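Visitor: Please take a close look at a single part of this model and follow its connections outward, step by step.

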Amino acid sequence: MPERDVTVGQLLLTEYQTLKDEQKARIGFRDNLLYVTLTVVAAVIAAAAQAKQPSMLLALPPVCVVLGWTYLVNDQKISAIGAYVRDDLGPRLTRLAAGPDASAVFRWETEHRADARRRSRKAIQCAVDLTAFCVVPLAALVVFWAAGDSGGLLVAVSVLEGLAVVGLGVQVVSYAGFVTPE
């Protein structure tokens with residue numbers, strides 16, 4: 001069996017393709033989580049309204065926190081892949097290419113980030129994420145609390161749920177890049 005020489009460049013390009021495939025899959029999964037969240041919210045609200053049981057709304061916070069956290073983790077991994085390609089993989093391939101067009105290696109990875117409206121899109125996306133995963137379950141808790149016909153255990157559970165939702169909201173804002181880490 002003849003030996004087959006594999007170059008570093010071929011390995012790096014394979015790594016790039018594998019990362020982009022993972023990024024693409026994560027983007028699809030992440031984006032579908034918003035649709036799943038909207039479906040669950042609509043179903044729980046409809047069931048609670050039909051049964052006239054505000055306590056059923058207590059299902060929304062844990063579901064929204066789990067879906068929101070999963071969304072956030074996938075979004076972070078998508079960004080991490082992009083940063084790795086921009087800051088590590090791309091420069092290594094650029095050094096290997098060392099030709100007149102070497103600066104064009106994976107240029108899209110940096111080019112799309114230079115858009116003048118990127119910051120406003122990120123702010124809007126942050127608002128959408130906060131609405132879907134935090135505002136809606138907090139509103140459900142307010143409705144539950146306003147109904148006022150619940151036992152102490154359900155109220156205690158609802159307070160813990162509220163804290164979890166607020167914690168998720170802090171993470172959503174933090175990951176959006178508006179708050180700089182210490």
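Guide: A suitable place to begin is arginine 30, which is buried because its relative accessible area is 14%, under the limit of 20%. The model is a predicted one, and the description that follows should be read in that light. The side chain of arginine 30 meets that of aspartate 75 in a salt bridge, with an N to O distance of 2.6 Å. This pair links distant parts of the chain, for arginine 30 belongs to helix α1 and aspartate 75 to helix α2, 45 residues apart. Aspartate 75 itself is partly exposed, at a relative accessible area of 23%, whereas arginine 30 is buried.

The model holds six salt bridges, and another of them also joins these helices. Glutamate 15 and arginine 92 meet through their side chains at 3.7 Å, N to O. Glutamate 15 lies in helix α1 and arginine 92 in helix α2, residues 60-97, so this pair ties together parts that are 77 residues apart in sequence. Both partners are partly exposed: the relative accessibility is 27% for glutamate 15 and 28% for arginine 92.

Arginine 92 has a further partner. Its side chain meets that of aspartate 88 in a salt bridge of 2.7 Å, N to O. Here the two residues share helix α2 and stand four residues apart, about one turn of the helix. Aspartate 88 is partly exposed as well, since its relative accessibility of 31% falls between the limits of 20% and 50%. Taken together, Glu15, Asp88 and Arg92 are linked in a network of salt bridges.

The account now turns along α1 to valine 44. Helix α1 covers residues 8-51, and valine 44 lies within it. Valine 44 is buried, at a relative accessible area of 15%. With neighbours within four places in sequence set aside, valine 44 is in contact with Met56, Leu57, Ala59 and Leu60. The C-alpha atoms of valine 44 and phenylalanine 144 are 13 Å apart, although 100 residues separate the two along the chain.

Beyond the end of α1, lysine 52 occupies the loop between α1 and α2. Lysine 52 is exposed, because its relative accessible area of 69% is over 50%. Its backbone also merits attention: phi is positive, about 55°, although lysine 52 is not a glycine. Most residues other than glycine have a negative phi.

Helix α1 also packs against helix α4, which runs over residues 118-147. The two axes come within 11 Å and cross at roughly 35°, and the crossing is left-handed. On the α1 side the contact is made by Leu34, Thr37 and Val41, and on the α4 side by Gln125, Ala132, Phe133 and Val136. Of these residues five are nonpolar and two polar, with no charged residue.

From α4 the packing continues to helix α5, residues 152-176. The axes of α4 and α5 are 10 Å apart and form an angle of about 175°, which makes α4 roughly antiparallel to α5, since an angle over 145 degrees counts as such. Among the α4 residues in this contact are Lys122, Cys126, Asp129, Leu130 and Phe133, and those of α5 include Leu154, Val155, Ser158, Val159 and Glu161. By class, the contact holds 17 nonpolar, three polar and three charged residues. Phe133 thus takes part in the contact of α4 with α1 and in that with α5. Phenylalanine 144, mentioned above for its C-alpha separation from valine 44, is also part of the contact with α5.

Helix α5 leads back to α2, the helix that carries aspartate 75. The axes of α2 and α5 lie 10 Å apart at an angle of about 20°, so α2 is roughly parallel to α5. Their crossing is left-handed. Helix α2 contributes Pro61, Pro62, Cys64, Val65, Gly68, Trp69, Leu72 and Gln76 to the contact, and α5 contributes Glu161, Ala164, Val165, Leu168, Gln171, Val172 and Tyr175. This contact comprises eleven nonpolar, three polar and one charged residues. Glu161, Val165, Leu168 and Val172 of α5 appear here, and they belong to the contact with α4 too.

The path that began at arginine 30 therefore runs from a buried residue, through its salt bridge with aspartate 75, to helices α1 and α2.

Definitions and conventions. Residues are numbered from 1 along each chain as its sequence is written. This is a predicted model: local features need pLDDT of at least 70, side-chain atom pairs count only at pLDDT 80 or more; totals for chains, interfaces and linings use all residues. Side-chain values use heavy atoms; hydrogens and water are left out. Buried means under 20% relative accessible area, exposed over 50%, partly exposed in between (1.4 Å probe, protein chains only). Contact means heavy atoms within 4.5 Å. A salt bridge is a side-chain nitrogen of Lys or Arg within 4 Å of a carboxyl oxygen of Asp or Glu. Axes are lines fitted to C-alpha atoms, for helices over the stretch in contact, and angles run from 0 to 180 degrees between N-to-C directions. A crossing is left-handed if the near helix is turned anticlockwise from the far one by less than a right angle, and right-handed if clockwise. Ala, Val, Leu, Ile, Met, Phe, Trp, Tyr, Cys and Pro count as nonpolar, Asp, Glu, Lys and Arg as charged, and the others, Gly among them, as polar. Angles under 35 degrees count as roughly parallel, over 145 as roughly antiparallel, 65 to 115 as roughly perpendicular and the rest as oblique.
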